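Subject: Structure for you to look at

Hello,

Here is the structure I said I would pass on. Please open it first, then read the notes below it.

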Amino acid sequence: MQVAVLGGTGTLGLPVVRELAAQGHSVRVLTRTAPADPVPGTEHHPVDLATGAGLDAALEGVHTVVDAANHAGLRSERVLVEGVRALLAAERRARVSHHVEISIVGCDQVPFAYYRAKTAQERVVTQGPVPWTLLRATQFHYLIDRILAAAAKLRVAPHTGILFQPVDVTVVAARLAAAAETGPSGRLPDVGGPIVQTLTELAEVRRRTLGQSLLPLPVPPLGRVVRRLRDAALCLDNDGETVSFDYAEWLRRRCELPGI
Ligand SMILES: NC(=O)c1ccc[n+]([C@@H]2O[C@H](COP(=O)([O-])OP(=O)(O)OC[C@H]3O[C@@H](n4cnc5c(N)ncnc54)[C@H](OP(=O)(O)O)[C@@H]3O)[C@@H](O)[C@H]2O)c1
C-alpha cells in the first residue's frame, strides 16, 4: 500500500515510517526538510502544511495518509488546523481512501492554545471529507524528559502535583501503523502509559537515575491550566488502554544507549 506520513521525521512520525516500511508498505515522508538519514526504501516529498505547498504532487497515488506533523509554537493553529484542512482537501482531490490522525488525551479539557488547536484539528478531521481514524495518546516520555532536562540545566527540579501518564512513542507509532492497515475505524480507544505520576515524582525518577543534585522549584497551583493538569485532565479515563512501560524504564533503557 502507498502510504504518506506527514511529519515523518518527527518524534512520532519517524517510528511510524519505520514500522510501515518494515511491514512492506511504500512510504512517502512529507515534511519541509528532507531527512538527514532517510529510512531505507522510503522517499521524501517536500510539503509545507502552513501554505499547502507540495501537497498535490506528494499525494498522487497515495492510498492512506498518517498525519504526525506538529507545530507547538505561535503558528500551531495555522499548521495543525488550517494545515489539516488543506491536507484533507488535497487528499480528496487525490482520492486518498483513509486519513489517520493522532491527538492528545484530554486536549479538549485544558484551556491552553496548543490543546485548543488539537481539539479544533480533531473536529476538522472527524467532520472532513476523507474516511478517518483518530487515536489520542498521552505525553511521550521524550516530552517529559525534555521538560525535566531543561529544568535540570538550571539545576532545579519542578515541584508540582500536575499529573502525567507518559507513554512510549514506539508503542503509539505501532498503533498508528496498525490503524493505517486496518482502514477507517473512527475514534480508537485512547492509549497511555502504565502509571499516573506527578511531575515531582517524574523529576525524582530522573534525578535519581542520572545521579543529579537539584533544588526543588515549587510551581504555584495558579491558573486554570495548572489546575486542570493537577486534576489529571491529560491522563486516561476508565475507557482508556494502558500500554508500554513507564518513564523509569524508558530512562534506564536510554541510559544504556551509547552516547547518551
Ligand atoms: N509529543 C508528545 O508528547 C505527543 C503526545 C501525544 C500526541 N502527540 C501528537 O503527535 C504528533 C507529532 O508530534 P511530535 O512530538 O512527534 O512532533 P515533532 O517531533 O515536533 O515532529 C514534527 C514533524 O512535523 C513536521 N512539520 C512541522 N511543521 C511542518 C509544516 N509546516 N509542514 C509539514 N511538516 C511540518 C516536522 O518536519 P519539518 O520541520 O522538516 O517540516 C517534523 O517531521 C502531533 O500531532 C502531536 O500533537 C504528541
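The ligand takes up the space of the largest pocket. Please keep in mind that this is a predicted model.

Around the ligand there are 25 residues, and the closest are Thr 9, Thr 11, Tyr 114, Lys 118 and Phe 140. By type, this shell divides into 12 nonpolar, 10 polar and three charged residues. Two elements, β5 (98-104) and α4 (113-126), each supply at least two residues of the shell. The largest share, three residues, comes from β5.

Some contacts to look up in the viewer:

- Lys 118: an N or O atom of its side chain is 2.6 Å from an oxygen atom of the ligand.
- Asp 48: a polar side-chain atom lies 2.8 Å from a nitrogen atom of the ligand.
- Leu 12: here a backbone N or O atom lies 2.9 Å from an oxygen atom of the ligand.

On its own the ligand has 900 Å² of accessible area, and the protein covers 88% of that.

I also looked for enclosed space. How many cavities of 30 Å³ or more does the whole structure have? The search finds one, with a volume of about 40 Å³. Its lining consists of Leu 148, Ala 152, Val 156, Ala 157, Pro 158, Ala 203, Arg 206, Gln 212 and Leu 214. The elements that give two or more residues to this lining are α5 (141-153), β7 (156-159) and α7 (199-210), and the largest share, three residues, comes from β7. Seven of the lining residues are nonpolar, one is polar and one is charged.

Regards

Definitions and conventions:
Residues are numbered from 1 along each chain as its sequence is written. This is a predicted model: local features need pLDDT of at least 70, side-chain atom pairs count only at pLDDT 80 or more; totals for chains, interfaces and linings use all residues. Side-chain values use heavy atoms; hydrogens and water are left out. On a 1 Å grid over the protein atoms alone, a cavity is a set of points where a 1.4 Å probe fits but cannot get out, and a pocket is an open set with protein on both sides within 12 Å along at least five of seven lines; lining residues have an atom within 4 Å of a point. Grid points are joined across faces, edges and corners, and a volume is the space filled by probe spheres set on the points. Helices (H or I, at least four residues) and strands (E, at least two) are DSSP runs, numbered from the N terminus. Ala, Val, Leu, Ile, Met, Phe, Trp, Tyr, Cys and Pro count as nonpolar, Asp, Glu, Lys and Arg as charged, and the others, Gly among them, as polar. A residue is near a molecule or strand if one of its heavy atoms lies within 4 Å of it. A polar contact is a pair of N or O atoms within 3.5 Å; within protein, one must be able to donate a hydrogen and the other to accept it, and residues adjacent in sequence count only if both atoms are side-chain atoms. Accessible areas come from the Shrake-Rupley method with a 1.4 Å probe; for residues, only the protein chains shown count as cover. A molecule sits in a cavity or pocket if more than half of its atoms lie within 2 Å of its grid points.
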